[in-house]
Amino acid sequence: GLVGGSVGLAVRETGWSAIGWDSHPDALELAADRGALDRTARSEDEAIADADLVVLAGPLSSIVETVGTLDTGALVTDVAGVKVPVVEAAAGQDLRFVGGHPMAGREHAGPAAATAALFRGAAWILTDDGAGDEDIEELARIVTSIGAVATQMTADDHDRVVASVSH
């Protein structure tokens with residue numbers, strides 16, 4: 001989609017390699033065609049096999065379901081606009097998880113609207129619930145490298161603040 005595709009474009013612009021998987025083959029193909037991915041994976045497991053960072057981008061229910069089944073030593077984050085359910089799902093897993101929410105968007109959705117510039121100057125919330133300090137610092141470096149401004153808070157604080165000003 002818009003955010004996942006934009007993450008791919010932005011990290012590739014800074015020299016990272018991006019591998020993607022999506023349950024919707026057309027969206028995956030479009031993201032690859034737009035240059036958001038170096039290659040596509042045939043499965044979620046293939047996509048994360050050698051990953052340093054796993055970014056879960058999709059509907060909240062899919063992110064919650066996926067984070068509850070991941071088996072990886074990579075740093076894991078998400079881009080959901082609601083944090084508590086994701087953080088709770090990750091808490092029961094043996095993951096290096098830091099919840100995230102880039103406060104950026106556009107009037108158009110999907111990978112066709114993705115842009116590497118989407119996060120430049122935007123706040124990117126990092127939730128610190130159960131996250132290790134080193135993992136928070138690593139994710140902060142990554143989001144800063146693509147132009148975002150890392151801001152740390154709890155999932156509960158995030159959801160309360162975002163609900164009052166956005167949702």
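**Pocket lining and helix packing**

Reader: What gives the most to the lining of the largest pocket?

Author: Helix 1, with seven residues. A pocket here is an open set of points on a 1 Å grid over the protein atoms alone, where a 1.4 Å probe fits, with protein on both sides within 12 Å along at least five of seven lines; lining residues have an atom within 4 Å of a point. Helices are DSSP runs of H or I with at least four residues, numbered from the N terminus.

The model is predicted: local features need pLDDT of at least 70 and side-chain atom pairs pLDDT 80 or more, while totals for chains, interfaces and linings use all residues. Residues are numbered from 1 along each chain as its sequence is written, and side-chain values use heavy atoms, without hydrogens and water.

Reader: What makes up the lining of the largest pocket, by class?

Author: The lining has 28 nonpolar, 13 polar and seven charged residues. Ala, Val, Leu, Ile, Met, Phe, Trp, Tyr, Cys and Pro count as nonpolar, Asp, Glu, Lys and Arg as charged, and the others, Gly among them, as polar.

Reader: Why are helix 4 and helix 5 called roughly parallel to each other?

Author: Their axes, lines fitted to C-alpha atoms over the stretch in contact, come within 8 Å and cross at roughly 15°. Angles run from 0 to 180 degrees between N-to-C directions, and those under 35 degrees count as roughly parallel; helix 4 and helix 5 therefore earn that description.

Reader: Which residues make the contact, and of what class are they?

Author: Leu60, Ile63, Val64 and Val67 of helix 4 meet Pro85, Val86, Ala89 and Ala90 of helix 5, with contact meaning heavy atoms within 4.5 Å. Eight are nonpolar, with no polar and no charged residues.

Definitions and conventions:
Helix = DSSP H or I, 4+ residues; strand = E, 2+ residues; numbered from the N terminus. Parallel < 35°, antiparallel > 145°, perpendicular 65-115°, else oblique.
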